[in-house]
There are 2 protein chains.
Amino acid sequence: MLYLYIMNNFTYELIHQSKKSRARVGRIHTPHGIIDTPNFVAVGTNGVLKALDNQMAKEMGLQLMFCNTYHLMLQPGTDVVKKAGGLHKFINRNAPIITDSGGFQVFSLAYGTVKDELKSKGQKKSDSGVLKISEEGVLFRSYRNGDKVLLTPESSVKAQKDLGADIIIPFDELPPYHIDPHQLKLSLDRTHRWEKRSLEEHLQNPNQQAMYSVIHGGIDPEMRRLSCNTLTALPFDGHAIGGSLGKNHQQMFDMLSYVMPQLPQEKPNHLLGIGDLTSLEPCIKLGIDTFDSSHPTRCARHGLLFTFNGMVKILKGSHRTNFNAPDNNCTCYTCTNYSMAYIQHLFKANELTGYTLATIHNLHFMIKLMEHYRTMILEDKL
Amino acid sequence: MLYLYIMNNFTYELIHQSKKSRARVGRIHTPHGIIDTPNFVAVGTNGVLKALDNQMAKEMGLQLMFCNTYHLMLQPGTDVVKKAGGLHKFINRNAPIITDSGGFQVFSLAYGTVKDELKSKGQKKSDSGVLKISEEGVLFRSYRNGDKVLLTPESSVKAQKDLGADIIIPFDELPPYHIDPHQLKLSLDRTHRWEKRSLEEHLQNPNQQAMYSVIHGGIDPEMRRLSCNTLTALPFDGHAIGGSLGKNHQQMFDMLSYVMPQLPQEKPNHLLGIGDLTSLEPCIKLGIDTFDSSHPTRCARHGLLFTFNGMVKILKGSHRTNFNAPDNNCTCYTCTNYSMAYIQHLFKANELTGYTLATIHNLHFMIKLMEHYRTMILEDKL
């Protein structure tokens, strides 16, 4: 062990720093168990991974699950989850959970996602439910029942207290990618004020939860530096990298290569919303500890199965009579029990079980892939 | 043991005949394992129960699974299943399977289901893919790729040989419920000729499979008697009761009360397509051994959970904060792990996992219910 950062029931242990890069192996201790890093965080927006149940996800070795406060606020309502005794009890997951602030979803409604926006070159304004954005927060209309909902740094943190995840995220603004530097600076300043308010709200009742900041600043090095300086000066337990991460992989890697050295080595970090196979290794080399993404589970539901020899497109014609497992070397439940031909058949027959089996496989792959990266780092090969 | 009917690898063992009714406990030995009777047969149309995988269904104790030849002929094609080494291997179910002949689906296309037809009082002709019905068989167009497919007694049995289920069914005609006695007699005679042709085709290569006849005759006692006489005279391994079973429960019970005494006690029987909770006990008392129905799994996907204290409607408003299991006395995976509030949330959030959990519960209930009936019979209480 190189470092041990202890705060409440939350400890970050730096186990090994690679000699070849900023890649590092660590261990995050939370009230609901350990997260080995680097690691992949599967997204269970509504308190469940799509097409999989939480016991199975845990048994497979999924150490950290990402749930979305925005969705859970609207359905079933954080009051319900609180009454149940918190998210761990409500969804029956006795393992670490992270929730976000809801900001990302609300601003995606207002501005569209970065992807939508890149397509429309900043021209398109979506017909969103967002009614008002002010210093206080964001007023929007629930897509479920039409109720007006005010999301502020304080209400977001209160919602996350009701949920009771092990790691929580302060409320931030997700500025559009197409934003001029002056507007970006105004947005960044407000995000910093909001994150500070979130942290203050959190520290009134830490409740065994850890809070990570969200470093913003788009792809502007000065703004990112300002964000690192501002947020690392506050007593956050870790730091997430969010905001616009660029319009391609290279922009993101460039941004991370100047951001990562500015983050404190003794605290864990997280890259928000990234988990595609192309990004993982370069980001790990830049020192990222955890990644959340719905990419592997979404790919699964589209019949794209990950293997160490590339992607298997389950609907490919020749797999109609391919009675091998998707990956003969894979030990997952799906590969142990079923063939490509059968899984293709389930997809073609619109059987939900096909989604479940594909999801199990891709999630298992991600868990094994991250184990592999950790081993490589421990051996100074990455 | 009272009787032992042995044929090939298929044996029916009559274990106990109730002193209070025709209800009986038996055991069917097949090449892929035992079926305790009376028992419920879950429907896995495409070689899978909806929202559940075959390993889990088997581990839960589902002894017999019903697959539909019509669907499997069109997707993935029985040639694919044959190449895989048969249905058990293709779907990885090392336990008994029954397939039907495809006749029911083809004639449902032509005439609509009995339910559709009762609604339209025999007036409505559906715009089906059926091109020609003749003495040879039925020519129809595949809904998947537009190919013309000829289904005959011989081709149905050949398809079922490719699938290789433990129990197979001869090709029959499903006459419309609104049919005059003369037409019913013509249909019945043709069904008998088709079943005989199916049996002859089957006996050329029994291949460790058992074939049950399908007793027809609608709700006409004379026609049913004729069907029993004709079909029990042939060397079928068991008898299924099919055709129009009446327009309400009472008509079905009346029909079964004169049909059942006409079936040989030493062979197993099956009631096709019935498995609702109202029907089970009266039918068991009339001597039915096995029931197939998609009712419990379909109810599950509509959020209707079966318990020994009645039906739980998971979407009911008050379950929003009901943190009890659907059935506190139930030992199923779902009740052991999750609350009504959580399952309701999954349904409201359109999460597929909700269907899976509800299906597990209802299937477990059916398995326990049938165990209960067997115990009652063994104690002469039914």
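1. A residue counts as buried here if 20 or more other C-beta atoms lie within 10 Å of its own. That cut-off applies to the helix discussed next, in what is a predicted model.

2. Helix α8 of chain A covers residues 181-203. Its buried residues are A:L184, A:S187, A:L188, A:T191, A:H192, A:W194, A:E195, A:S198, A:L199, A:E201 and A:H202. An α-helix has 3.6 residues a turn, so residues three or four places apart point the same way.

3. What packs over those buried residues? The cover includes α7 (153-163), β11 (167-168), β12 (210-215) and α9 (221-232) of chain A.

4. The length of α8 in chain A checks out. Its 23 residues, at 1.5 Å a residue, should span 33 Å. The end C-alpha atoms are 32 Å apart, which agrees.

5. Now the chain contact. Chain A gives 33 residues and chain B gives 33 residues. On the side of chain A that touches chain B, the elements giving two or more residues are α3 (78-84), α4 (87-91), α14 (340-348) and α15 (352-378). By residue type, that side of chain A divides into 17 nonpolar, 10 polar and 6 charged.

6. How are the two chains related? A turn of 180° with a shift of 0.0 Å along the axis lays chain A on chain B, at an RMSD of 0.0 Å. This is the relation of a two-fold axis. The C-alpha of A:L352 is the one in chain A nearest the axis, 3.7 Å from it. Both copies use the same surface: 100% of the contact residues of chain A recur in chain B.

Notes:
Residues are numbered from 1 along each chain as its sequence is written. Chains are lettered from A and ligands numbered from 1 in the order in which they are written. This is a predicted model: local features need pLDDT of at least 70, side-chain atom pairs count only at pLDDT 80 or more; totals for chains, interfaces and linings use all residues. Helices (H or I, at least four residues) and strands (E, at least two) are DSSP runs, numbered from the N terminus. The expected span of a helix is 1.5 Å times one less than its number of residues. A residue is buried if 20 or more other C-beta atoms lie within 10 Å of its own, exposed if 12 or fewer, and partly exposed in between; C-beta atoms are placed from the backbone. Two residues are in contact if their C-beta atoms, placed from the backbone, lie within 7 Å. Ala, Val, Leu, Ile, Met, Phe, Trp, Tyr, Cys and Pro count as nonpolar, Asp, Glu, Lys and Arg as charged, and the others, Gly among them, as polar. Copies are superposed by least squares on the C-alpha atoms of residues with pLDDT of at least 70 in both.
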